[in-house]
2 protein chains.
Amino acid sequence: MAARSQEKTNKRNTEDISLKIKALGEKLISQIEAMDNPHLDIPIRGSANVHFDESQQKIILGDKMAKRSLFNVAHARRFMQTMLVASYVQKDLLANELTATLRDLYYAKKHTIEGTKEDTIDEQKESDLAIVDFEVALETFRERLNLRAEPKGRMAGNMTVEDRVRDKVDLIDLSKMGSGGWSVPSIVEQINFKKVDVDYVLVAEKNAIFDRLNEDKFWQKNNSLIMTTAGQAARGARRFLQRLSTELKLPIYILTDADPYGWYIYSTMKYGSMALAHESERLGCREAKFLGMSISDIEHYDLKAVTIKAKEVDIKRAQEMKSYEWFKYKEWQTEINKFLDLKIKAEIQSLSSKNLQYISNTYLPEKIKNQDFLP
Amino acid sequence: MAARSQEKTNKRNTEDISLKIKALGEKLISQIEAMDNPHLDIPIRGSANVHFDESQQKIILGDKMAKRSLFNVAHARRFMQTMLVASYVQKDLLANELTATLRDLYYAKKHTIEGTKEDTIDEQKESDLAIVDFEVALETFRERLNLRAEPKGRMAGNMTVEDRVRDKVDLIDLSKMGSGGWSVPSIVEQINFKKVDVDYVLVAEKNAIFDRLNEDKFWQKNNSLIMTTAGQAARGARRFLQRLSTELKLPIYILTDADPYGWYIYSTMKYGSMALAHESERLGCREAKFLGMSISDIEHYDLKAVTIKAKEVDIKRAQEMKSYEWFKYKEWQTEINKFLDLKIKAEIQSLSSKNLQYISNTYLPEKIKNQDFLP
């Protein structure tokens, strides 16, 4: 991996965003000068404009656009708030090479008209919506606007990455992270992959599994990178996995509990989600594979005694998911039917009933050797 | 800090626990051989036996003990489960130098009588209670039994630690963790402090504050270690802070939102909690100080416009806390009264309304310079 060219790419990206923001501003000014109603063209994000794209294998936004105008009673407030977002991103963040959270932005722009008690932003959800408007209008995503989300997840493995905090550059050897692991940052655009000696990436939904694999030196013995998302994957973890998949062509294997919530965690990492359809392009990881735990594993690995009875809500969820286009694969239909038939679920940790290291010494090596995955 | 002597201490601890378990087992055997009813003496954990110890400045268990006997219909099942815990800890974990979660233990000992459908442990809460019985009976805490909890928290700063995963020893330079930070492990007993060039430890309740301080290179400029607990502090973070305070004599400053929930997060780190009174001795950090945000800060830093109206539940909580012995300090009574009077709360991030780096460049340096803390 050529680090220098990556650095250039990162630098160029920041510049591009600033140029895009300036271009947007100039367009608005010329609308004003032409005595036109200033407006933004923004893709509609409602379910009517969200669909699963077969060729891209992603849940994405369609072509339907909406105009957001200043001189429209229903739009004026949001238009103003979107301008506050634009100003904050350009002048406070990008110009100073600083990052902030959505909450920082909210506090900074909440009360901008001095001498009045009127707030320009009442609730954070207003500025959050204005931020999404702004990112889709610019055809980018919030990390490129230097907006951070809550970070979550840890990793360890045979890889060295270079991370940058403003002008401070750190070389981080992920094979020397002890029992803690390196925390996955919220923004991963600036990370460069340096030494990479990894055959695949194994992503566990749970911290407990990460700790088990790390203690068993799974990533050393199996030449891999391990990551936990600690539940539903955060944006930083999703983007990092996408980069590992597209830039380094590393296979991504995902390990969740055998239940509809586990499938949902998997499908969000792979295809994106309805709610964040405008982000799937940057956050989805279409080459990811579902390693397990599968319902068939319960029988194959003799785990019947340590399964859990499915709840009503699990069954309803599974029935819904069966109809999703991205679960239409024959293998997934069989999996979901098996679940609906047996009405049981199983946690990855139920493998501990065999012995603590069974997952590292038997289950995972077998599944990976046999490429026993769901698509 | 002499690393070698610390290593010896760690090694000795493991051996001590094994010896303690063996001694417990031998005591039970001699009870059986004497035709006595086999029993364990276990400190009572109910509120009647929990109190605040002035001299230790900790919420601790009193002297009241209960007998748990095998030949007692009300005790037999729990006695059996406590023996399952003892066996798992000794034979599966300590003997193999492995760690496990409470859930692993539950799965391993759930179904131990072959050829029957009867479970030895039905629900995890049963084995969790048996684990607490076992740790208090041994006068130790679960991390010494190689039982892991959910890890949470990140850190960075001018310190190098040595962490060990079985025979693999890693030297971790916390000043080179990029934007991610090092994840605080669940068990921190094995960690040795190596290079320490730190004047104090700053603990932020929120990830967002950690990211802000890290980006502003606060720990470099102010020669410190920064940590986030990402909400209520996990056991690993609490124990690590205690070790930093008692072994390295580092001042610990805690930064939470200005509201009763923030005070509660602080008091748990400092004094322990009612629910885990049996653990305060190992998890409490009595020298910790509350840096802020305080209700007085709202006025002093002119943050009135970005405060939040207190909810009914906040006010009820504050009234309760006012009567807690560990909030009897004059300064805390004034603080709580001020809150009850103004009925507003403020988040640390509200400082972003001034400017993004105000917290790093002005607020924290001022508070620390003036030692403007609550006890």
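# Sheets, helix packing and the chain contact in a predicted two-chain model

Trainee: In this predicted model, what is the strand order of the open sheet of 3 strands in chain B?

Mentor: The model is predicted, and in chain B the pairing within this open sheet of 3 strands is antiparallel. Neighbouring strands are turned by 20° against each other on average, with direction ignored. Read across the sheet, the strand order is β9-β8-β11.

Trainee: Which strands of chain B stand at the edges of that sheet, and why is one side of each left without a neighbour?

Mentor: In the order β9-β8-β11 of chain B, an edge strand has a single partner strand, so one side of it is left without a neighbour in the sheet. The strands of chain B in that position are β9 (168-173) and β11 (192-196).

Trainee: Which residue is the bridge partner of B:V161 in β9(B)?

Mentor: Strand β8 of chain B covers residues 159-165 and pairs with β9(B) in the antiparallel sense over 6 bridges. Within β9(B), the residue that bridges to B:V161 is B:I172.

Trainee: Turning to chain A, how many bridges join β8(A) to β9(A)?

Mentor: Chain A has an open sheet of 3 strands with antiparallel pairing and the order β9-β8-β11, in which β9 and β11 (192-196) stand at the edges. The strands β8(A) and β9(A) run antiparallel, and one bridge between them links A:D163 with A:D170 of β9(A). The number of bridges joining β8(A) to β9(A) is 6.

Trainee: What radius of gyration does chain A have, and why does it agree with a compact globule?

Mentor: The secondary structure of chain A comes to 13 helices and 17 strands, and its C-alpha trace spans about 75 × 45 × 40 Å along the principal axes. For 375 residues a compact globule would have a radius of gyration near 21 Å, and the value for chain A agrees with this because it is 23 Å.

Trainee: Is α3(A) roughly parallel or roughly perpendicular to α4(A)?

Mentor: Helix α4 of chain A (residues 124-137) packs against α3(A) with the axes 9 Å apart and at an angle of about 110°, and the crossing is right-handed. The contact is made by A:L102, A:R103, A:L105, A:Y106 and A:K109 of α3(A), together with A:Q124, A:S127, A:D128 and A:I131 of α4(A), and its residues divide into 4 nonpolar, 2 polar and 3 charged. Angles of 65 to 115 degrees count as roughly perpendicular, so α3(A) is, relative to α4(A), roughly perpendicular.

Trainee: How many nonpolar residues are there in the contact of α2(A) with α4(A)?

Mentor: The axes of helix α2 (residues 76-93) of chain A and α4(A) come within 9 Å and cross at roughly 75°, which makes α2(A) roughly perpendicular to α4(A). On the α2(A) side the contact is made by A:R78, A:Q81, A:T82, A:V85 and A:A86, and on the α4(A) side by A:E126, A:S127, A:A130, A:I131, A:D133 and A:F134. Of these residues 3 are polar and 3 charged, and the number that are nonpolar is 5.

Trainee: How many residues does the contact between the chains take from chain A, and how many from chain B?

Mentor: On the side of chain A that touches chain B, at least two residues each come from elements including α3 (102-110), β8 (159-165), β9 (168-173) and α5 (207-215). The residues of that side divide into 16 nonpolar, 15 polar and 15 charged. The contact takes 46 residues from chain A and, from chain B, 46 residues.

Key:
Residues numbered from 1 in each chain as written. Chains lettered and ligands numbered in written order. Predicted model: local features only at pLDDT ≥ 70, side-chain atom pairs only at ≥ 80, totals over all residues. Pairing = 2+ DSSP bridges. Helix = DSSP H or I, 4+ residues; strand = E, 2+ residues; numbered from the N terminus. Axes fitted to C-alpha atoms, helices over the stretch in contact; angles between N-to-C directions. Contact = placed C-beta atoms within 7 Å. Nonpolar A, V, L, I, M, F, W, Y, C, P; charged D, E, K, R; others polar. Parallel < 35°, antiparallel > 145°, perpendicular 65-115°, else oblique. Left-handed = near helix turned anticlockwise from the far one by under 90°. Rg over C-alpha atoms; globule rule 2.2 N^0.38 Å.
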